[in-house]
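Trainee: Take me closely through one part of this model, the packing of helices against sheets. I want the angles and the contacts.

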Amino acid sequence: MEKIVKDFLENQNLKKDEFVELIRAYKDPEAVEALKTRAVELRKKYYGDQVFTRGLIEFTNYCKNDCYYCGIRKSNRNADRYRLTEEEILTCCENGYELGFRTFVLQGGEDPYYTDERMESIIRKIKKGWPDCALTLSIGEKSYDSYKRFKEAGADRYLLRHETADAVHYGQLHPETQKLSERMDCLWNLKKLGYQVGAGFMVGSPGQTDDCLAEDLVFLQKLKPQMVGIGPFIPHHDTRFAQEPAGSVELTLYLLSVIRIMLPKVLLPATTALGTMDPRGREKGLERGANVVMPNLSPVKNRKAYELYDNKICTGEEAAECRGCLSRRVESVGYHLVSDRGDAVE
Ligand code: SAM
Ligand code: FES
């Protein structure tokens, strides 16, 4: 096995160049095995055989941003746009609660219709209706004051993938008006406000090099988020990246182990994108160190329209079917879905 892998198992504080070397070892079966073994050991130490669920409510696919990779970007005229009403969102929570969900994730494009006032009202109603549940927001870049207002209204967590920690690469994925420094400022602000924060990136996005991925790992090491979302990039037919190849499942799985070892207590989802690229992608993710799954609670009538990339799975099933299906998948690799808020251990 390569020396760098042994070094990393002993001391995770690698420099960027060393992370590049570590990433390049992903095709070495011995490296894969060694990292997998340690990653599983650590996830079991902190989380046993439990897998946490988050009920994902994709409440709007309107977006004022134009991320080049994303199927619901502003300039995609073919996207079939929808917004859920406050009542519909609350119904999703009600169904979710009955199914055993104790975390709801409100995710959407950056939709100006949902002003801070409207968001605050939704957050308060969810926290009042289901006080034993955690509420996660994933609604993009906002001002410090907006994040503060949402926190005071009861939001517990915030997911904002940094997408790539390399500024040049960030520029290849986004228009000039969107800046990496601003996205990173948002993450630091969220931390300062006491949110449990989730960062993350796509694996294999166009223009990504091993150097970019190493930069991502260095950034995660600095930020120390409580959650990290990574999944393969998957092309969407109505974007400029339609003809680009999708990211590698093997590399994504390898990075899941690396991240578990770097941040042993992290909440690490086996993502829908991973399940889209490989029918057993989520199970494999759990076997490499992931400990969270995020089934969809959105109304079935809207699911197809939240099309971030092509062939997204689970767009036709009811929430109950999704939970049942995931529960069986999780059991098949020796873990158990639990009905719990699923906070990160201290
Ligand atoms: N608007 C919010 C934001 O930007 O953080 C949340 C919604 S955004 C659609 C959620 C995540 O989807 C992004 O952070 C991105 O990593 C992922 N995503 C978008 N397009 C994708 C694609 N083509 N393949 C894989 N993941 C994608
Ligand atoms: Fe806004 Fe994708 S461009 S959610």
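Mentor: Helices are DSSP runs of H or I with at least four residues, strands are runs of E with at least two, and both are numbered from the N terminus. This is a predicted model: local features need pLDDT of at least 70, side-chain atom pairs count only at pLDDT 80 or more, and totals for chains, interfaces and linings use all residues. Residues are numbered from 1 along each chain as its sequence is written, while chains are lettered from A and ligands numbered from 1 in the order written.

Start with the annotated span. An unreviewed UniProt entry puts the feature "domain: Radical SAM core" at residues 49-271; such annotations may be inferred rather than shown by experiment. Across residues 49-271, helix makes up 39% and strand 17%. The C-alpha atoms at the two ends of that span are 18 Å apart.

Now the six-stranded sheet. Its strand order is 2-3-4-5-6-7, the pairing is parallel, and the sheet is open. Pairing here takes at least two DSSP bridges between two strands. Strand 2 (55-60) and strand 7 (227-232) are the edges, and each pairs on one side only. Neighbouring strands of this sheet are turned by 20° against each other on average, direction ignored. At one edge, strand 6 (residues 196-203) runs parallel to strand 7 and is joined to it by six bridges. Within that pairing, valine 203 has proline 232 of strand 7 as its bridge partner.

Two helices lie on this sheet. Helix 10 (residues 249-262) crosses strand 6 and strand 7, at about 165° to strand 7. Helix 4 (residues 86-99) touches strand 2 and strand 3 (103-108), and its direction makes about 170° with that of strand 2. Angles run from 0 to 180 degrees between N-to-C directions, and axes are lines fitted to C-alpha atoms, for helices over the stretch in contact. Contact means C-beta atoms, placed from the backbone, within 7 Å.

Helix 4 has a second partner. It packs with helix 14 (residues 319-332) at about 35°, with the axes 10 Å apart. The crossing is right-handed: the near helix is turned clockwise from the far one by less than a right angle, and anticlockwise would be left-handed. Asn95, Gly96 and Leu99 of helix 4 meet Ala319, Ala320 and Arg323 of helix 14. That contact holds three nonpolar residues, two polar and one charged. Asp, Glu, Lys and Arg count as charged; Ala, Val, Leu, Ile, Met, Phe, Trp, Tyr, Cys and Pro as nonpolar; the others, Gly among them, as polar.

Follow helix 14 to the other sheet. That sheet is open, with three strands in the order 8-1-9 and parallel pairing. Strand 8 (292-293) and strand 9 (336-338) each have a single partner strand, so one side of each is left without a neighbour in the sheet. Strand 1 (residues 50-53) is joined to strand 8 by two bridges, and the two run parallel. Threonine 53 has valine 293 of strand 8 as its bridge partner. Helix 14 touches strand 1, strand 8 and strand 9, and makes about 135° with the direction of strand 9.

One further helix pair is worth a look. Helix 1 (residues 3-10) and helix 2 (residues 16-24) cross at roughly 115°, their axes coming within 9 Å. This crossing is left-handed. Ile4, Val5 and Phe8 of helix 1 meet Glu18, Glu21 and Leu22 of helix 2. The contact has four nonpolar residues, no polar and two charged.
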